[in-house]
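Dear colleague,

I am handing over the structure below, and after it you will find an account of what turned up in it. Please read the two side by side.

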Amino acid sequence: MPESEQRFGEFVAVRRHEQGHVAELVLDRPKAMNAVSTDMAVSIGAACAALAADRDVRVTVLTSSSERAFCVGADLKERNSFSDADLVRQRPTARGAYTGVLELPMPTVAAVHGFALGGGFELALSCDVIVADATAVVGLPEVSVGVIPGGGGTQLLPRRVGAARAAELVFTARRVEAAEARELGLVDVLADDARAEALALAARMAVNSPVGLRNAKKAMRLGQGLDLRAGLEVEDAAWRATAFSGDRAEGVAAFNEKRRPNWPGE
């Protein structure tokens, strides 16, 4: 059970599982299947800013309170009333929600139950690992309603599954059920209970050095797409940022003393 909960607006909560240094970022608009309205996008961005600044959080799990959906993407009912000027004004807020998740400095795990479509799947794609259960249905159907994936999907999906596979999925706008999603690499782990498995995975990550976790993530993210030599320079910089930390000293001492490390986190 979480040890504390903080609300960000009406539709987003952060639960801190303090003993294991795991935070749960909960999409909590179940009546709308977590359709991302302007208010909800603001809240996601604010929650991510708070998590990014919390050095006690080693891993974040993105979950949903809805029994039917992880997130069905943008709130098209709200969008239907928008003028072009309204849409322009909302764009930075929407982007802030997706980049907020994408730029979280600690490892992130998405727990997908039910529909994860459009922006909902993009929120999952913004995480490092996606856990899903048998109810999961994922996809980027934006071209079927006259837009394109605009929460990172055109960039994140090709990096995950390759250009041709991503093109087929985006251009057909098709929905993919859990078993095929796992086969295609759209999700990484299939479990009976996505949230429970995602939290368990996060707990296994969170026993490790918080400095190491954040710098390993930074190296992998910054090195993606670079040639090997440039990528190795990124890795070396991240290694240097870790090697002279208190975590490295504690990790080596704990190994030699045959005990669990007590990470200083700096």
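In this predicted model, helix α1, which covers residues 38–52, and helix α3, which covers residues 84–102, have axes that come within 8 Å and cross at roughly 40 degrees. That angle is neither under 35 degrees nor in the range from 65 to 115, so α1 counts as oblique to α3, and the crossing of the two helices is left-handed. On the α1 side the residues that meet α3 are Thr38, Ala41, Val42, Ile44, Gly45 and Cys48, and their counterparts in α3 are Gln90, Thr93, Ala94, Gly96, Ala97, Gly100 and Val101.

Ser37 belongs to the loop that runs between β3 (22–27) and α1, and this serine is buried, its relative accessible area being 6%. Leaving aside residues up to four places away in sequence, Ser37 touches Phe11, Arg29, Asp75, Glu78 and Gln90. Two of these partners, Phe11 and Arg29, are also related to one another, since Arg29 lies over the face of Phe11 at 5.0 Å from the ring centre.

As for aromatic rings, the structure holds one aromatic pair. Its members are Trp239 and Phe244, whose ring centres are 6.0 Å apart and whose planes stand at 75 degrees, so the pair is edge-to-face. Trp239 is partly exposed, with a relative accessible area of 48%, whereas Phe244, at 65% relative accessibility, counts as exposed.

With best regards

Definitions and conventions. Residues are numbered from 1 along each chain as its sequence is written. This is a predicted model: local features need pLDDT of at least 70, side-chain atom pairs count only at pLDDT 80 or more; totals for chains, interfaces and linings use all residues. Side-chain values use heavy atoms; hydrogens and water are left out. Rings of Phe, Tyr and Trp (its six-membered ring) pair if their centres lie within 6.5 Å; planes under 30 degrees apart count as stacked, over 60 as edge-to-face and the rest as tilted. Buried means under 20% relative accessible area, exposed over 50%, partly exposed in between (1.4 Å probe, protein chains only). A charge sits over a ring if NZ of Lys or CZ of Arg is within 6 Å of the ring centre and within 35 degrees of the ring normal. Axes are lines fitted to C-alpha atoms, for helices over the stretch in contact, and angles run from 0 to 180 degrees between N-to-C directions. Helices (H or I, at least four residues) and strands (E, at least two) are DSSP runs, numbered from the N terminus. Angles under 35 degrees count as roughly parallel, over 145 as roughly antiparallel, 65 to 115 as roughly perpendicular and the rest as oblique. A crossing is left-handed if the near helix is turned anticlockwise from the far one by less than a right angle, and right-handed if clockwise. Contact means heavy atoms within 4.5 Å.
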